[in-house]
Amino acid sequence: MSHSKMKSAIDSFLKGQLSRRDLLIKAGRYGIGFAALTKLMGLQVTSALAAQDFDWKKHSGTTIKLLMNKHPYMDSMIAELDNFKALTGMNVEYDIFAEDVYFDKVTAALSSGSSEYDAFMTGAYMTWTYGPAGWCADLNEFIQDSNKTNPSYNWNDVVGNLRDACSWSGVAGDAPGAAGSKQWCMPWGFELNSVTYNQRYFDKAGMKPPGDLVEMTDQAEWFTKNSGSNDWSYGIGTRGSRSWATIHPGFMSAYANYGLVDFENNGGKLKAAMNSQASKDFHKQWVKMISSSGPANWSGYTWYEVGNDIGAGASAMIFDADILGYFFNGNPDNKEAGNFGFHGFTPNPSASAPTPNVWIWSLAMSNFSKKKDAAWYWMQWCNGPENAMAGGVKHNQVNPVRESVWASGDFDDKIRGTSPGYMEQYNSSIDGSKIHFTAQPLFFETTTEWAAALQEMQTGSNVDETLDKLASKIDRMMKDVGLA
Amino acid sequence: MKINRKLFPYVLTLPALLVCVGILIPFFTAVYYSLQRYNLKMPHMKGFIWFDNYVSIFTDPSFWNTIKVSLTYTFFTIIIELLLGLGIALLLAKRNWLNNILGVLLVLPLMIAPALASLIWRLLINPNFGVVNYLLSFIGLDDFTWASHPDTVLFTLIMVDVWVFTPFIMILLLAGLRSLPRQPFEAAELDGVPEYYKFFRITLPMLFPFILTASLFRLLESIQQFDIIYALSQGGPGESSMVFQVSAYLQTFQYTNIGKAAAMMVVLWAICYFLCHVFVKQWHKLKIKTKGELLQ
């Protein structure tokens, strides 16, 4: 009896007629624990999907194989995977690799033309390599085919900037999402690059989060100079390793906020623009900030070190992925968990709003898969509204890519409850967020060289000369492939 | 089954021939790719460009920096490891229980994968919580830049390499020392020859073939070092620790430029071949010289 009443309560909850708090109260009344409740919710969502006018069982008995990176998004997908299996009768196998080696594995698997994996996790930038090389399928063929896509899948519910960022025409200099773009991947979860700061430290210093890059530099310097008798070691954490991953988070977000570009596009011919006077001025400011108040071993810093330091209380603030702050804030193993504030950051005093460069964990389909239709079933379920909601509310799928999840009161309650200021940071940043790089096939070469140049400048090389050298090197690289 | 006497020698060499083919196929594939414009992300541009990849890398100042860094790294690791390995081997040459235990303990770093050793060292030299930095703070060196500055990065990488691989040299030289004939030493002792004279005129010449063998092994390993360098500096800051393997790795896996990476590896092979050739030639010369000296 209580079971059927509970099912009807979950139904009302899924239709938005019942709040999460009321649902939990009802569950408590019927003696149903949280774990059982989430299981019941999963079953109920599955039943709702199964009732659609769509043949979810079409590929029953088929096994697909996924190539995945170890990540909380993946954990939330695995936690719900039984529902997909029950819904479709399909079996799903997966290999999981740590991020250090993950993209090498993807490159090796795809470049060999292996059909072992049907779908895989990727970043949007990677598809600038995989797409034109013919390694991943154009998802437009599936998204627009009503025979293959279930009626509640609502592609337009996915944040527009993110949909665009995952598509590209393959023509160097064309903006992602421009006419003629192919949908090389679908967004699954994403990161906005904003400021996460230690509220306790800022309160002690009597400071508010920085208003622009100059103020950020001053604040970071203050924290570094006053680190001796305090808990923190230095002012500002950003990435610094010799990798493309150093350029795309805070650095590119700030660079774009100053209206600066990586390339000038002259009718498909690209010219490196890192050595414009405005860019040189920006680099000087950035290098000054890192040199005076970044970590001592900055050139080895990846997201991992940046996150660990804010979590351990070594840094006063970071300018990096917002979800990094979110995860470290919520993990009680971190010394400073619960003390973080989030801030949509506008580095340029003349700019009106933040312009975070986005990193998008996405799902792509291998072009060598022999089970593309079956793989698409998994992809539309994984990225579908029901699973996105479950990921956002029940698990740690932050940031979800669907507008409906952000608009949901339950998700809002959850985020505000665990990370105050996070929603405000998101709302102030999302409109200006996109991929601010010029889409071109040598993305990894050019950004790695850029990171190497940044390291040289941070260790004392002349900024103007280093940027001139960088630009001429990049122009030579573009010329070698006929793009300059 | 009886095998024809004429065929028998060929049958015996068959396994070696198979191994040789197994090695040569990838080698010639690399040479073949090095002559092509072959970038996985631009399949439409694939085609023979003959020596353009070689021209491209030889006219790139970064490549000459890579050669300089690779050779510097190799030279210093071999010299330091040889000196330390020889010193430790001499100290442990006498067989007793303490030396036997120390011999086993000193080999432990060799049993750790170089990549893991690098991660251990990364923690040890971390400026926030590293033990080494803490100890250095007592002598006012707590802000030593380690792998974070072009001036100190090679020192740091060489230090880790020395920590991992000195035991390898030590084992080889210890085995060599313990296998040396006793008679020359006994004769020298009877004649009251000073210790330094015994070392430079008897021990060292007889040990030279072992030293050369150990050096050759380390040379090949060192010039192709990847794990330690990638884990600690990724070739940075800037280009200051960029070596062949890291550069080729980036070209292959991040830039998918197979043609250029293959050209780099062929150049590395040529350097290795040349250095090995010099070493082996010297080894033969020394072997003859050592025998001659002993006979005199």
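**Stop 1: the core**

Welcome to this predicted model. Start with its largest nonpolar core, which has 183 residues. Select A:Ala119 and A:Trp378, the residues with the most contacts inside this core. Now colour helix H7 of chain B, residues 153-179: the largest share of the core, 13 residues, comes from this helix. In chain A, select domain 2 (63-191 + 359-430) in one colour and domain 3 (192-357 + 435-480) in another; both give residues to the core, so it lies between them.

Zoom in on A:Trp378. Which residues is A:Trp378 in contact with, leaving aside its neighbours within four places in sequence? Show A:Ile64, A:Phe84, A:Val92 and A:Ala119, and you have them.

**Stop 2: where the chains meet**

Next, look at the contact between the two chains, which takes 26 residues from chain A and 25 residues from chain B. On the chain A side, select helix H5 (99-111) and helix H21 (443-458); each supplies at least two residues that touch chain B. H21(A) gives the largest share of that side, six residues. Try colouring this side of chain A by class: you should find nine nonpolar, 13 polar and four charged residues.

**Stop 3: a hairpin in chain A**

Select residues 263-266 of chain A, strand S8, together with residues 269-272, strand S9. The two strands run antiparallel and are joined by four bridges. Find A:Asn266 and look across to S9(A): A:Lys269 stands opposite. S8(A) and S9(A) form a hairpin with two residues between them. One residue to pick out in the turn is A:Gly267, whose phi is positive, at about 60°.

**Stop 4: chain B as a whole**

Hide chain A for a moment. How many helices and strands are there in chain B? Count 12 helices and two strands. Following the sequence, you pass one helix, then the two strands, and then helices to the end of the pattern. The C-alpha trace of chain B spans about 80 × 75 × 40 Å along its principal axes. Of the 296 residues in chain B, 34% are buried.

**Stop 5: one residue in chain B**

Finish at B:Met264, in helix H12 (residues 258-295) of chain B. Is B:Met264 buried or exposed? B:Met264 is buried, because 25 other C-beta atoms lie within 10 Å, and 20 or more are enough to count as buried. Not counting residues up to four places away in sequence, B:Met264 touches B:Ile57, B:Phe244, B:Ser247, B:Ala248 and B:Gln251. For a last look, draw a C-alpha to C-alpha distance from B:Met264 to B:Leu172: the two are 92 residues apart in sequence and 32 Å apart in space.

Definitions and conventions: Residues numbered from 1 in each chain as written. Chains lettered and ligands numbered in written order. Predicted model: local features only at pLDDT ≥ 70, side-chain atom pairs only at ≥ 80, totals over all residues. Contact = placed C-beta atoms within 7 Å. Nonpolar A, V, L, I, M, F, W, Y, C, P; charged D, E, K, R; others polar. Pairing = 2+ DSSP bridges. Core = buried A, V, L, I, M, F, W, Y, C linked by C-beta atoms within 7 Å. Buried ≥ 20, exposed ≤ 12 C-beta atoms within 10 Å, placed from the backbone. Domains from an automatic or database assignment.
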